[in-house]
Amino acid sequence: TAASVGEALEDLGTAAVEWKLDGIRIQVHRRGDEVAVYTRNLNDITERLGDVVDIVRALPAERLVLDGEALVVDPDTGRPVAFQDTASRVSADDARPQAVRPSFFDLVHLDGRDLIDEPLEVRRDLLAEATGEWRIPGSVTDDPATGEAVLASALAAGHEGVVVKGGGEPAVGRRPPL
């Protein structure tokens, strides 16, 4: 935790400054056409997130494990809806009209290569190639002004703020088997 983006960058040096989204944390696994979506607690919510499944199935890889956020975005404004509305949509067993969009912030497996112990800078580059527009926006920088610009863009888009991550960090968290 830091009081500002500049303070975080002073502590970390060169780091990834990425939008912080207020959605449902997801981990998505793909093997060929088979896609599974899990919550932070490893609950399988694949059946509830057909939009996410379709997007991941269309990515240019055969095997993936992605960490990200799922959220509902207002189709008229492009801004995220309130967290409770996203949570309600994701937890609903019945069909709902709101589309759920994924935004990915990490890649821990790609086409037979386990990346969980690789530094963030390696995973981030591979994530950009694997997910394109579905990667959470951000920048790698040591410049406080650049970091503050990422923060301003996140806030202007209706998001919570930013997360600042050191470039050498390995992936963290639990993951179900591929």
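Here are some worked exercises on the strands, helices and salt bridges of this structure.

This is a predicted model, in which local features need pLDDT of at least 70 and side-chain atom pairs count only at pLDDT 80 or more, while totals for chains, interfaces and linings use all residues. Residues are numbered from 1 along each chain as its sequence is written, and side-chain values use heavy atoms, with hydrogens and water left out.

**Exercise 1. The sheet**

Task: Find the strand order of the open sheet of five strands, and say which are the edge strands.

Solution:
- Begin with the elements: strands (E, at least two residues) and helices (H or I, at least four) are DSSP runs, numbered from the N terminus.
- Next, apply the pairing rule, by which two strands pair if DSSP finds at least two bridges between them.
- The order that results is β3-β2-β4-β5-β6, with antiparallel pairing.
- The edge strands are β3 (34-39) and β6 (113-114), each of which pairs on one side only.

**Exercise 2. Strand β2 and its partners**

Task: Work out how many bridges join β2 to β3 and how many join β2 to β4, then look at how covered β2 and β3 are.

Solution:
- With β3, strand β2 pairs in the antiparallel sense over six bridges.
- Two bridge partners can be picked out in β3: Val-37 for Val-28, and Ala-36 for His-29.
- The connection between β2 and β3 is a hairpin with two residues between the strands, and Gly-32 in the turn has a positive phi of about 65°.
- With β4, the antiparallel pairing of β2 runs over eight bridges, and here Arg-25 stands opposite Glu-69 in β4.
- For cover, take buried as under 20% relative accessible area, exposed as over 50%, and partly exposed as in between (1.4 Å probe, protein chains only).
- Six of the eight residues of β2 are buried, leaving the strand mostly covered.
- In β3, five of the six residues are buried, so this strand is largely enclosed by the rest of the structure.

**Exercise 3. Helices α3 and α4 against the strands**

Task: Identify the buried residues of helix α3 and decide how they are arranged around its axis.

Solution:
- In α3 (residues 83-91), the buried residues are Thr-86, Arg-89 and Val-90.
- Viewed down the axis, they fall within an arc of 95°, so they line one face of the helix; the arc is that of the directions from the helix axis to the C-beta atoms.
- Their packing partners are β2 (24-31), α2 (50-57), β4 (63-72) and β5 (100-110), with contact meaning heavy atoms within 4.5 Å.
- Now turn to α4 (residues 120-131), which lies across β4, β5 and β6 and runs at about 130° to β5.
- For that angle, axes are lines fitted to C-alpha atoms, for helices over the stretch in contact, and angles run from 0 to 180 degrees between N-to-C directions.

**Exercise 4. Helix α5**

Task: Check the length of α5 against its expected span, then find its buried side.

Solution:
- The expected span is 1.5 Å times one less than the number of residues.
- For the 13 residues of α5 (residues 144-156) this gives 18 Å, which agrees with the 18 Å between its end C-alpha atoms.
- Gly-147, Val-150 and Ala-154 are buried in α5, and they cover an arc of only 55° around the axis, which puts them on the same side of the helix.
- A general rule helps here: an α-helix has 3.6 residues a turn, so residues three or four places apart point the same way.
- On the other side of α5, Ala-145 and Ala-156 are exposed.
- The cover over the buried residues includes α1 (5-12), β1, β7 (138-141) and β8.
- Just after the helix, Gly-158 takes a positive phi of about 90°.

**Exercise 5. Salt bridges**

Task: Count the salt bridges in the whole structure, then place Lys-165 and its partner Glu-18 along the chain.

Solution:
- The criterion is a side-chain nitrogen of Lys or Arg within 4 Å of a carboxyl oxygen of Asp or Glu.
- A search of the whole structure gives seven salt bridges.
- Lys-165 and Glu-18 form one, with their closest N and O atoms 2.8 Å apart.
- This pair links distant parts of the chain, since Lys-165 is in β8 (residues 161-166) and Glu-18 in β1 (residues 15-20), 147 residues apart.
- Glu-18 counts as buried, at 3% relative accessibility.
- A network of salt bridges links Glu-18, Arg-124 and Lys-165.
- For a contrast in position, Asp-54 and Arg-57 form a salt bridge at 3.9 Å, and both lie in α2, three residues apart, about one turn of the helix.
- Asp-54 is partly exposed at 49% relative accessibility, and Arg-57 is partly exposed at 35%.
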